[in-house]
Amino acid sequence: MLRGAGRFADDFSVRGQVWARVVRSPVAHGRVRRVDTSEARSCPGVVCAVTAADLPAGLAIPVRLAVQGIDLTSFLQPVLAADVVRYVGEPVAVVLAEDPYAAEDAAELVDLDIDEAPPVLDAQVGAQPGAPQLFGAGNVAADFTLGFGDVDAAFDRATTVVEAEIEIGRHTAVPLEPRALLADVDPAAGTLSIYGMTKVPVFNRDVLAGLLGMPEDLIHVHAVDAGGGFGVRGEFYPEDFLVPWLATRLRRPVKWTEDRAEHLVAVNHSRQQRHRIAVAFDPAGRITGLRDDIVHDNGAYCRTHGIAVPELTVTMLPGPYRVPAYRGRIRVVLTNKTPCGTYRAPGRFEGTMAREQLFDVAAGRLGLDRTELRRRNLLGPGEMPHTRAMTALGTEVVLDAADYPALLTAAEAEAGRLGYHDEVVRGRDEGRLRGLGLALFLEKSGLGPQETADVIVGATGAVSVFSGGTSFGQGIETAMAQIAADALGVSPEVVRVVNGDTARMPFGMGSWASRTTVVAGNAVHAAALAVRDRARQVGARMLEVAKDDLDVHDGVVSVAGDPLASVTLAEVARATAPASQYLRPGEQAGLSARRRFDVSHMTYPYGVHIAVVEVDPGTGRVQVLRYLVAYEVGRAVNPTMVEGQLRGGAAQGIGGALLEELCYDESGQPTATTFMDYRMPTAAEIPRIDLLVSEQAPAPGNPLGVRGAGEGGITAAGAALASAVRDALGGSQDVSALPLTPARVRAMAEAAPPAASQNTHDERGRRDMRPVSMIRQATGEAGAAYVSKTDMVAALIRELIITGELTTGEQLRQRDLAQRFGVSQTPVREALRRLESEGLVIGDNHRGFMVVEADEGSTEENFQIRAALESLGASLAAAKIDEAGVKRLVELNAQMQAAGEEENARYAELNREFHLTVYEYAHSPLLMSLMRLLWASLHGGPRVMRTHADSVRQHVEILDALRAGDAAAAASLTHRHIMGVEHLPGPGGP
């Protein structure tokens, strides 16, 4: 891609193609009374428009991953909705035109008459008997329980039981490239060529062949590049039938490209689950039992993944821990939302979050360190392999070679070496809310049942590898080339890899579930070894020596100890041509081999995530300062690629943990259909990802010893960040939901004890002078709140400019400010316009807004204004201040009295805090903002001709008036305190 040499799906076009535009349901649930395409068909350039009535009857998309023997036939998605629509975005018609713009314009003219019905938007409600029924078979597609051991007895015997309810929010993968598809038909040959089917091209080809009623060998799915997959790309969607079917019907090429708004409502969503999870402990803090009751919101239909994600949630939930008894029940409920499927680490992201947050809560309950609780319950290397009496994706759960405690120890040491704990302590010493989070996880990879690969050496010595894997940008071409080159004894530069082409490899299983390097890699390895052995066999005939005397290296077959007695692989390849003198009668020509690698059990990678965060209690913003992923990969074929996978996964995990959420309003309308509302992480939110890649536990189930690396970076991200936020807030506020949006975090901070939630310093270590309403709950009477988000944002930006955090000439990016304050860009834009009228910023059509140097005016006049406003503040505070406020002022005054006459800087800091505390108890954000502006213009106040002791005595008089509730006296004394002095230039305080 960087060289411009990639060919992505939308890059493919052929002469004579027409463009498809899908018409989607605008309502969440309703009965379709009419779909009128007549006006659309009459538009210039429109070729045709089709509805469900034009398709073969009964078309539904089948399940690819059938698990637990549960029949999902009643819940499958039709290609086009005929009688009922069940989510916003469901396809109901398709318009074809000579160009994409005409198709889009005409699609808007399709008239849909839909009788709306009440939507089901809460899975727990949908599972109840009285809920509206989406299907004749009900709303619960599956309800099953897996586990082992006597769970009830384990909980009965337990000395401590800890329970938690945790919800994981709905989000999805957002690849750089949306989906696209081109179907080209050859009427003479009866063949169909398809560009854009990725992930599982052979499966998709076979499904399509069945739906079209044509032999699968007449369908050629071509290999293409893809801009990311992450689980959502490449499954069989309605468009994967519609585009080829329309091409065969029209006998013309048909192309369709998805836009981003379509993507956010059409591709599989994921993650949304509610867990009611509990763990039982013995007196030593060791787990005796674990149970979880899960409700999984699967959206409107069961698509190709069926209920694989719910099954993985249950089977993988015990993680790397010693759990004698476990029971996991999950109900898969259908709702009026976009259907769900896999997204990187499906089921494991959710289960890890629930389990690890529960363990954090349990550690506090037991009085144990979080790490010690985990270490005490991890399976040891002597307990491996470890069998759990469950099946996952049709295979028995047998945890293979591992040393979980060793990796935890190594991760802790690495975090210590990198200064993670020091950064937390340093931030807390400065008054910031910082926390460290820890989470362990267990992954799975290398799912079978098989993968097949061909390795061919051509007459020039070039090596071709044909793999059943597919490329999403994960770099498997490089990995397969390295594996083949190493086994064959050639340079990787001479190896060409073709993935996902059904004509070249008709038996491929595709790339998903972190399986490609494990399964396809071992198939390539076996095929390359077979070619190497074949080269030695034929080379022995050519050199008239014994085969065992030959070795292959650097593309040459030579006699051991006599390098001059040799032939190149190119010469050997030419010697295997048909009719060659070196071939035996009936012997197959060519220097090539096809091998299949069969898998009966998956391999189980594992790892540790450690994170450092800082929480702003006023805005609820969570800033990730440090992030470490420690991961056991078995053997790293290409360490750089492994690191890239882990870093990319961590970035996606941070997005899912803090930002991304697909919400719906009460009518079932999605509220995040653009990147304005679906908040993707940017480089500003992602810190440097530190890595510890371990190769201490090679997988015993495959010759290469490799484990998958595609998902370890994301699996524990939600859990680790939740742990860190909980720690930052003092450990008293359990995380009950992801993502940790600013609103959720701010609510947690407000509910936390004051010692944990009160942030007294800004990001530069200075005393935090924001309005108290933005940093803690107001004590006493409820003060005036901000009238609108625009008011709030304007006040915050104004204060950042005043304090110098936003400096003169600094560009203000609306998106960055919106993310910082947890709002959309609209109130930011309006706030900046308001600040422009105040002269604090200046706007430019091309450069946006920029901070300008403020005109602070006359110091003397500013002091007169300050005296008037501060007198008003004292008057208001006298009526509202409580005993806690008075006590706080008394303590500050005592500290000022203790400060020596030469300690001007210390005295000025305490004096400023004394006055700001009075403003705070006036409970007026507007007054606070104005006073901060004046304090900044006075640079802390001029030096005065009186002693610190004199100021302290005047403060006592003001305190007496405040304590007595005498507003007039408080105002008068404050005015005299400020103005009854001689003003001299320089630092200090009144």
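**Exercise 1.** Is L692 buried, partly exposed or exposed, and what is its relative accessible area?

*Solution.* Start with the basis of the exercise: this is a predicted model, in which local features need pLDDT of at least 70 and side-chain atom pairs count only at pLDDT 80 or more, while totals for chains, interfaces and linings use all residues. Residues are numbered from 1 along each chain as its sequence is written, and side-chain values use heavy atoms, with hydrogens and water left out. Next, take the cut-offs: buried means under 20% relative accessible area, exposed means over 50%, and partly exposed lies in between, with a 1.4 Å probe and protein chains only. The relative accessible area of L692 is 22%, so L692 is partly exposed.

**Exercise 2.** Place L692 in its strand and find what L692 touches.

*Solution.* Helices (H or I, at least four residues) and strands (E, at least two) are DSSP runs, numbered from the N terminus, and L692 belongs to strand β28, residues 689-694. Contact means heavy atoms within 4.5 Å; setting aside residues up to four places away in sequence, L692 touches A410, A411, E414, L628, V629, A630 and Y631. For E414, the separation from L692 is 278 residues in sequence, yet 7.7 Å in space from C-alpha to C-alpha.

**Exercise 3.** Decide whether S871 is buried or exposed, and name its contacts.

*Solution.* S871 sits in helix α23, which covers residues 859-880. Its relative accessibility is 8%, so S871 counts as buried. When neighbours within four places in sequence are left aside, S871 is in contact with A971, T974 and H975.

**Exercise 4.** Compare the expected span of helix α14 with the distance between its ends, and describe its surroundings.

*Solution.* The expected span of a helix is 1.5 Å times one less than its number of residues. For the 28 residues of α14 (residues 516-543) this gives 40 Å, and the end C-alpha atoms are 38 Å apart, which agrees. Of these 28 residues, 22 are buried, so α14 is largely enclosed by the rest of the structure. After α14 comes E544, with a positive phi near 55 degrees.

**Exercise 5.** Check the radius of gyration of the chain against that of a compact globule.

*Solution.* The radius is taken over C-alpha atoms, and the globule rule is 2.2 Å times the number of residues to the power 0.38. With 990 residues, the rule gives a value near 30 Å; the chain has 34 Å, which agrees. The C-alpha trace spans about 115 × 75 × 60 Å along its principal axes, and 59% of the 990 residues count as buried.
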